[in-house]
Amino acid sequence: QVQLVESGGGLVQAGGSLRLSCAASGRTFSRYAMGWFRQAPGKEREFVGGISATGFSTYYRDSVKGRFTISRDNAKNTVYLQMNSLKPEDTAIYYCASAKASVVVSTPYQYDYWGQGTQVTVSS
């Protein structure tokens, strides 16, 4: 049974920072790319960024480039999303997901396991 458990969400003022964590179990974590998605009320789920299985490659959507950083610790089976300079438009439920491949992919159907999500709220 594969499980992904996110933590670290919360309420923060604009300009602040949060660090999300996603702990994985049930599959060989280091073989698969990981991604972060988010979904705001009334909007579709969108790709935030991803990291390859080795951690050598990352990819981000334009709106978070330079503000968000994804990293992973394969020894701890954990992936992180460091979010700096947060904006109210970053408010959403954030999900981590495990890809079907080792390279970064950006569409939801390319991921086969998902966490339960963690709420991030940025106040203005």
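**A four-stranded antiparallel sheet and its surroundings**

S85 is found in the loop between β8 and β9 (92–99), where strands, like helices, are DSSP runs numbered from the N terminus (strands E, at least two residues; helices H or I, at least four). The model is predicted, so that local features need pLDDT of at least 70 and side-chain atom pairs count only at pLDDT 80 or more, whereas totals for chains, interfaces and linings use all residues. Residues are numbered from 1 along each chain as its sequence is written, and side-chain values use heavy atoms, with hydrogens and water left out. S85 has a positive phi of about 50° although it is not a glycine; with a relative accessible area of 40%, S85 is partly exposed, a class that lies between buried (under 20% relative accessible area) and exposed (over 50%), as determined with a 1.4 Å probe on protein chains only.

A positive phi is also found at N77, which is likewise not a glycine and has a value of about 55°. Most residues other than glycine have a negative phi. N77 belongs to the loop between β7 and β8, two strands that form a hairpin with 4 residues between them. Because its relative accessibility is 27%, N77 counts as partly exposed.

The hairpin belongs to an open sheet of 4 strands in the order β1-β3-β8-β7, with antiparallel pairing throughout the sheet, two strands being taken as paired if DSSP finds at least two bridges between them. The edge strands, each pairing on one side only, are β1 and β7. Neighbouring strands of this sheet are turned by 15° against each other on average, direction ignored, the axes being lines fitted to C-alpha atoms (for helices over the stretch in contact) and angles in general running from 0 to 180 degrees between N-to-C directions. Strands of a sheet pair through backbone hydrogen bonds, either parallel or antiparallel.

Across the sheet, β1 (residues 3–7) is joined to β3 by 5 bridges in an antiparallel arrangement, with S7 opposite S21 and E6 bridged to C22. Strand β3 (residues 18–25) is in turn joined to β8 by 6 antiparallel bridges, and here A23 stands opposite T78. On the other side, 6 antiparallel bridges connect β8 with β7 (residues 68–73); F68 has M83 as its bridge partner in β8, while I70 is partnered by L81.

Burial follows the alternation of side chains along both edge strands. In β1, L4 and E6 point to one face and are buried, whereas Q3, V5 and S7 point to the other face and are not. In β7, the buried residues F68, I70 and R72 point to one face, and T69, S71 and D73, which are not buried, point to the other. Strand β8 (residues 78–83) is mostly covered, with 5 of its 6 residues buried.

Two residues of the sheet illustrate these surroundings. S21, in strand β3, counts as buried because its relative accessibility is 18%. Apart from neighbours within four places in sequence, S21 is in contact (heavy atoms within 4.5 Å) with V5, E6 and S7, with W36, and with T78, V79 and Y80. E6, in strand β1, is classed as buried because its relative accessibility is 5%. When residues up to four places away in sequence are not counted, E6 touches S21, C22, W36, Y94, Y95, C96, G115, Q116, G117 and T118. The C-alpha atoms of E6 and I51, which lie 45 residues apart along the chain, are separated by 16 Å.

The structure holds 1 cavity of 30 Å³ or more, a cavity being a set of points, on a 1 Å grid over the protein atoms alone, where a 1.4 Å probe fits but cannot get out. The largest cavity has a volume of about 50 Å³, the volume being the space filled by probe spheres set on grid points joined across faces, edges and corners. Its lining, made up of residues with an atom within 4 Å of a point, consists of V2, L4, A24, S25, R27, F29, Y32, M34 and S98. The lining residues divide into 6 nonpolar, 2 polar and 1 charged, where Ala, Val, Leu, Ile, Met, Phe, Trp, Tyr, Cys and Pro count as nonpolar, Asp, Glu, Lys and Arg as charged, and the others, Gly among them, as polar.

Key
1 Å grid on protein atoms, 1.4 Å probe; cavity = no way out; pocket = protein on both sides within 12 Å on 5 of 7 lines; lining within 4 Å.
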